[in-house]
Amino acid sequence: MQDATPQTTPAERLREGLSRVVVGGERASFALLAALLAGGHALIEGVPGTAKTLTVRVLARLLGIDYARIQFTPDLMPSDVVGTTVFDQRSATFSLRRGPVFTNVLLADEINRTPPKTQAALLEAMEERRVTIDGTTHELPAPFIVCATQNPVEFEGTYPLPEAQLDRFLVRVRTGYPAPAEERALIARAANGFDAHDLAGAGVVAVVSRDELLAAQRAARSTHVAESLQGYLYDIVAATRAAADVALGASPRAALALLAATQAAALIDGRTFATPDDVKDVAAIVLAHRIIVRPEAELDGTSADDVIARVLAAVPAPEK
């Protein structure tokens with residue numbers, strides 16, 4: 001693992017490492033770190049070529065922990081994800097063949113290209129950190145994070161994630177095209193020899209150990225959230241249920257997810273206490289994919305992000 005300045009925190013090292021490789025991906029990097037430190041999972045949406053996969057690969061390499069990738073396709077079976085038991089004719093015994101889910105960082109690439117049955121194979125792993133194979137439960141290693149990607153534009157041959165599956169993702173973030181100056185910098189870097197396929201050659205090495213990450217996750221969970229801020233969290237979630245443009249508002253589980261992401265955002269900023277700005281920083285990436293906008297509102301151009309923005313503007317933040 002690369003030596004680090006003693007004063008830097010694991011979150012600072014990870015954020016700096018991501019920013020050196022992923023051009024224009026600050027929002028996606030922040031969302032991934034929030035999910036990682038809060039012990040959740042991340043869904044990254046974006047058109048092809050916007051560094052979704054690269055961001056996850058860089059994060060896994062900076063952590064130096066086990067990493068696996070599953071390319072989701074229409075013919076992928078649940079056993080291809082979690083594993084299966086196989087019979088050895090020579091010893092006349094069954095043995096476990098573990099699937100790629102037995103890892104620390106799992107990239108579920110283009111998750112919406114596989115049928116719901118295979119998507120559901122991830123549900124138990126994401127919620128309970130274990131999988132059941134042929135009636136036997138197997139614990140997954142810690143830490144464990146699923147980073148899934150999907151293309152929001154191309155729908156042919158896809159299977160939209162159901163609400164229950166979406167709810168398993170602590171955050172959803174969208175990637176887009178970089179700003180003109182950033183894209184010019186991206187081209188210049190490639191012209192100078194940078195190869196995104198060779199992260200080792202690019203000097204991307206582990207900067208945070210497994211123990212440091214687990215300690216950072218514990219620190220995130222112990223970040224102080226004042227009672228007044230807890231009330232602010234509730235008011236925001238409750239307001240999504242009362243919004244006129246919403247058919248289904250955020251659930252109590254969404255409130256807990258908002259709390260966890262708020263604590264992680266405070267830790268990323270180097271604080272042991274959360275503020276209303278932390279709540280505002282994560283509200284859209286935590287809540288937008290958990291609410292359903294009425295069809296007539298969608299026809300008028302209202303999105304879930306618009307609803308969350310209106311809620312944040314309407315709900316007064318505590319002064320203390």
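Contact here means heavy atoms within 4.5 Å. The structure is a predicted model.

**Exercise 1.** Determine whether glutamine 165 is buried or exposed, and state which residues it touches.

*Solution.*
1. Glutamine 165 is located in helix H6, which spans residues 163–166.
2. Buried means under 20% relative accessible area. Glutamine 165 has 2% relative accessibility and therefore counts as buried.
3. Leaving aside residues up to four places away in sequence, glutamine 165 touches Ile111, Gln119, Ala120, Leu122, Leu123 and Met126.

**Exercise 2.** Describe how helix H1 and helix H2 pack, and identify the residues that meet.

*Solution.*
1. Two packed helices are described by the angle between their axes and the distance between the axes.
2. For H1 (residues 10–21) and H2 (residues 26–37), the angle is about 150 degrees and the axes are 10 Å apart.
3. Angles over 145 degrees count as roughly antiparallel, so H1 and H2 are roughly antiparallel to each other.
4. The crossing of H1 past H2 is right-handed.
5. From H1, Ala11, Leu14, Arg15 and Leu18 meet Ser29, Phe30, Leu33, Leu36 and Leu37 of H2. Classified by type, this contact comprises seven nonpolar, one polar and one charged residues.

**Exercise 3.** Establish where the buried residues of helix H13 lie around its axis, and what they pack against.

*Solution.*
1. In H13 (residues 304–314), the buried residues are Ala304, Val307, Ile308, Val311 and Leu312.
2. These residues lie on the same side of H13, because they cover an arc of only 135 degrees around the axis.
3. Ala313 and Ala314, on the other side of H13, are exposed.
4. The buried residues of H13 pack against helices H9 (227–242) and H11 (276–287), and against strands S10 (246–248) and S11 (292–293).

Conventions. Residues numbered from 1 in each chain as written. Predicted model: local features only at pLDDT ≥ 70, side-chain atom pairs only at ≥ 80, totals over all residues. Heavy atoms only, no water. Buried < 20%, exposed > 50% of the residue type's maximum accessible area, 1.4 Å probe, protein only. Helix = DSSP H or I, 4+ residues; strand = E, 2+ residues; numbered from the N terminus. Arc of directions from axis to C-beta. Axes fitted to C-alpha atoms, helices over the stretch in contact; angles between N-to-C directions. Parallel < 35°, antiparallel > 145°, perpendicular 65-115°, else oblique. Left-handed = near helix turned anticlockwise from the far one by under 90°. Nonpolar A, V, L, I, M, F, W, Y, C, P; charged D, E, K, R; others polar.
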